[in-house]
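Let's take a quick look at what holds the middle of this one together. Have the viewer open and follow along.

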Amino acid sequence: MKKLYISRHAKADWPTEKLSDFERPLNERGRNDTLRISRILRDNHHIPNIILSSPAIRAATTARCIAELPGYIKIPLIIVESLYMTNVKHTLEVLSAIDDALQSVMIVGHNPVQTLLLNYLTDEMIDSMPTGGLAIVNFEHATSWQEISRSTGILTNFYRPREIIQQQ
């Protein structure tokens, strides 16, 4: 079985005249939300074998925070240049190239692609993955990442940072 963690970067500041969209950093809420999601992953033993991230500052920062989960060994993180300004088709191509020895992978990116990817793989009808949101999708019959395709996944968990705040 393969497991895919689909994460949208946490909340970022809006660009100023001096910052491009690519350079947008996480704001305070984004940093706090990332810590909450990291704790949820740790506490529920949801630890991906590897994290792939967009190179945009807000996505890479989100991914680094998760990769360095307190209490666990560091999760390998690969910045994939082509995950910035991409589409579902290309994201699936990136996933299909993953070593089949890896059973679980997290991909940190941007909307609308993260929401479209989740809906495509699971037949869910999520309107929009929130910033800092995390979906966990199981592919029960997949033995290879090349087998990941339309409607082959089952959404097992969907975390929204705002709901985590209300539960604490």
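## The main core

Which residues of the largest nonpolar core touch the most other members? They are Leu4, Ile6, Val105, Leu118 and Leu121, out of 26 residues in that core. Several elements chip in: β1, β2, α3 (88-96), β4, α4 (113-122) and β5 (134-139) each supply at least two of its residues. Keep in mind that this is a predicted model.

There's also another core, lying apart from this one, with 17 residues. Leu41, Ile66, Ile75 and Leu134 are among them.

## Strand β4, covered on both sides

Now for β4, which spans residues 104-109 and has six of its six residues buried. Neither face is left open: Ser104, Met106 and Val108 are buried on one side, and Val105, Ile107 and Gly109 are buried on the other.

Which strands pair with β4, and in what sense? Strand β1 (residues 2-8) pairs with β4 in the parallel sense, over six bridges. Here Ser7 stands opposite Val108. Strand β2 (residues 50-53) also runs parallel to β4, joined by four bridges, and Leu52 has Ile107 as its bridge partner.

## Around Leu121

Back to Leu121, one of the residues that touch the most other core members. If you skip neighbours within four places in sequence, Leu121 is in contact with Leu4, Ile6, Leu92 and Phe139, plus a run of residues made up of Ile148, Ser149, Arg150, Ser151, Thr152 and Gly153.

As background, nonpolar side chains in soluble globular proteins tend to be buried together.

Terms used: Residues numbered from 1 in each chain as written. Predicted model: local features only at pLDDT ≥ 70, side-chain atom pairs only at ≥ 80, totals over all residues. Heavy atoms only, no water. Buried < 20%, exposed > 50% of the residue type's maximum accessible area, 1.4 Å probe, protein only. Pairing = 2+ DSSP bridges. Core = buried A, V, L, I, M, F, W, Y, C linked by side-chain atoms within 4.5 Å. Contact = heavy atoms within 4.5 Å.
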